[in-house]
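Got your viewer open and a selection box ready? Here is a walk through the model, one stop at a time.

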Amino acid sequence: MSRYDRVAGRGTRMMNRLYAWRAHKQPAATGFVSQPEPRTIGSFARGRQLVAGNLLFAGYLVESETTGLWDVNAPDAAFEAERQGFGWLDDLAAVGDIKARVKAQKWVWGWIETHGAGNGRGAALAWSPDLTGRRVIRWINHALFLLSSKDRAETEVFYQSLSQQTWFLSQRWQGASPGLPRFEALTGLIYAGLALQGREELADPAIRALAAECERQIDAEGGVPTRNPEELLEVFTLLTWAAAALHEAGRTVPAAQTAAIERIAPALRTLRHADGGLARFHGGGRGLEGWLDHALAASHVTGDHRDGLAMGYARLAARRTSVVIDAAVPPQGAASSNGHASTLAFELTSGRRPLIVNCGSGETFGLEWRRAGRATPSHSTLCLAGHSSARLAAPDRTTGQELLVEGPGEVQVALDEQAEGHRFQGGHDGYLRGFGLTHARTLVLSDDGRSLSGEDLLVAIEDPAKRVFSKVLDHSGTKGVGFELRLHLHPEVDSALDLGGSAVSMALKSGEIWVFRHDGSCDLKLEPSVYLEKTRLKPRASKQIVLSGRAIEYATRVRWTLSKAQETAIAVRDLNRDEPEIFD
């Protein structure tokens, strides 16, 4: 059961109707204080698909050029939440032509007719604080796009509905879930209060509340409790938008909000790969192309993160190669409802091309894919006996959440500079209880970015751990404990297992060739994998390098390397400079 199922099922329908009805008593805004500027970024490709009648929400596809958005029976609450949040309006605005505008207008005024009075199927979710703030932001951002060619009566209907939703937020923002939904609700309220004529008095309480949320939710490293990089970017974007709106209105940005922005920006730079995309961990995706760089530029915050971790992630970078490592325990408590068992997993990007990835979030592909994406084997790290380093608890009877439990309680990390390059060392105890083993990983990225050397160690350190491991060995006989080192490849990587099975060669579209080799102590295979993207209808097929062996001693060591073998001159102008590739 998702968070949106819970919202729809808590008996809030009548309450939301009451608030919507009372909102009719509020005077409608007559216009905007100043001309709104679109700040949310959409996908041109998705916008074109929407115009063509291909409605893809939460992994479900409806193909019809004539069916209205609100005529579709939502297959589940995730589908309903995605269309009620109006992210699709960003996509239609990205297209921006007459057909896109007409469709956007039809769907917005259709929402007003279907849900504007707070009744009808799906009204409880439509009028939840979680989604109302998201919707209000987009209505204001794209108001000029939506109101173009509309007559006075239709314009008044738009302002009336926007005023109702703003008033609703002022009364109910506290009901938004802590984290991103509450940031969206408060930012939407600030946006509307500052932009709509006659609603200025609603902004002040929201400004104070947003500052308080910054102090509660943004930690000293600039991170959020979910450790989701894409969610952090969304929160950061909301805070910078709200700050820009306050500046434009001649108001002061609260110190707590400014401080949060200044903490988050360097953290996001740590999570940024060489191609400008985000590292994909704990349910987050790469983000729309250019979104991260645009948000960082808009913040006017310069400088990288201080030495150490950012939101529990470590970054190694040299020339045009970046490596991002999950170097902390998984999210804890309620924040772990979308968390992954990915401790010590890493991703590697060379120039504009991702090479080593994690499978990603399977949330939009159904429950089984969602669970599979959260497991350790779906990440580029070591997996012991087919087990994850953290376990999914049974769904909570009240909330339906599947939290991570029995994961690593401690992660030891060291970052330093060596003669051979930039070194990361980390270890976690996620397998200590069941197997008596600690997983330690060392990664060294050479100064020229052309080689990543890895070492994975399974070790029983103290006497209690050795006794646990000995019992496991007694049950397995002489077979030992099986393990697999998995490195998932991006779908656009062309890979092949060399003759003799001693190495894997990987060709990127840039023309670069990378080679994986190991010390010969394990069996090397190239197996199928998947790449899970939220914007696609189905998982993308890919490959994974699997290095398998068995732990039969108190210490088992595996050494391996990823090295750049060659690159074609026609594809890359200069590997030592951040210049774009000529051919794709």
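Buried means under 20% relative accessible area, exposed means over 50%, and partly exposed is what lies in between (1.4 Å probe, protein chains only). The areas themselves come from the Shrake-Rupley method, and for residues only the protein chains shown count as cover.

Before you click: this is a predicted model, in which local features need pLDDT of at least 70 and side-chain atom pairs count only at pLDDT 80 or more, while totals for chains, interfaces and linings use all residues. Residues are numbered from 1 along each chain as its sequence is written, and side-chain values use heavy atoms, with hydrogens and water left out.

**Stop 1: Gln-105**

Select Gln-105, which sits in helix α6 (residues 98-115). Helices here are DSSP runs of H or I with at least four residues, strands are runs of E with at least two, and both are numbered from the N terminus. Gln-105 counts as buried because its relative accessibility is 6%. Now add Leu-508 to the selection: 403 residues separate it from Gln-105 in sequence, and the C-alpha to C-alpha distance is 43 Å.

**Stop 2: the β1 and β2 hairpin**

Next, pick residues 54-57 and 60-63. These are strands β1 and β2, running antiparallel and joined by 4 bridges; two strands pair if DSSP finds at least two bridges between them. Which residue of β2 is the bridge partner of Leu-55? That is Val-62, while Asn-54 has Glu-63 as its bridge partner in β2.

Show the side chains of β1. Asn-54 and Leu-56 point one way, Leu-55 and Phe-57 point the other way, and all are buried. The hairpin has 2 residues between its strands, and Ala-58 takes a positive phi near 50° there.

**Stop 3: two more positive phi values**

Go to Arg-227, in the loop between α12 (203-217) and α13 (229-248). Its phi is near 60°, a positive value in a residue other than glycine. Arg-227 is buried, at a relative accessible area of 7%.

Then jump to Glu-406, which you will find in the loop between β9 and β10 (411-418). Phi of Glu-406 is near 55°, again positive in a residue other than glycine. Is Glu-406 buried or exposed? It is partly exposed, because its relative accessible area is 43%.

**Stop 4: helix α16**

Select Arg-374 in helix α16. With a relative accessible area of 3%, Arg-374 is buried. Turn on His-282 as well: these two are 92 residues apart along the chain, yet their C-alpha atoms are separated by 7.6 Å.

Stay with the helix and pick Arg-370. Arg-370 forms a salt bridge with Glu-402, with the closest N and O atoms 3.7 Å apart. Arg-370 lies in α16 (residues 367-374) and Glu-402 in the loop between β8 (391-392) and β9 (404-405), so the pair ties together parts that are 32 residues apart in sequence. A salt bridge, by the cut-off used here, is a side-chain nitrogen of Lys or Arg within 4 Å of a carboxyl oxygen of Asp or Glu. Side chains of opposite charge can pair when their charged atoms come close. Arg-370 is buried at 17% relative accessible area, and Glu-402 is buried at 6%.

**Stop 5: more salt bridges**

How many salt bridges does the structure hold? There are 29. One of them links the side chains of Glu-484 and Arg-486 at 3.9 Å, N to O, and both of these residues are buried.

Another joins Glu-492 to Arg-540, at 4.0 Å from N to O. Glu-492 is in the loop between β14 (481-489) and β15 (494-497) and Arg-540 is in strand β19 (residues 540-551), so this pair ties together parts that are 48 residues apart in sequence. Glu-492 counts as partly exposed at 31% relative accessibility, whereas Arg-540 counts as buried at 17%. Widen the selection to Arg-353, Glu-492, Glu-533, Arg-536 and Arg-540: salt bridges that share partners join these residues into one network.

**Stop 6: a negative patch**

Finish on the surface. Asp-307, Glu-417, Glu-420, Asp-447 and Asp-448 form a negative surface patch. Patches are made of residues with over 30% relative accessible area and no salt bridge, with like charges joined within 9 Å and nonpolar side chains (Val, Leu, Ile, Met, Phe, Trp, Tyr) within 5 Å. Lys and Arg count as positive and Asp and Glu as negative; His and the chain ends are not counted. For distances, the place of a charge is NZ of Lys, CZ of Arg, CG of Asp or CD of Glu.

Zoom in on Asp-307, in the loop between α15 (291-299) and β3 (313-318). Asp-307 is exposed, with a relative accessible area of 80%.

How values were computed
Accessible areas come from the Shrake-Rupley method with a 1.4 Å probe; for residues, only the protein chains shown count as cover.
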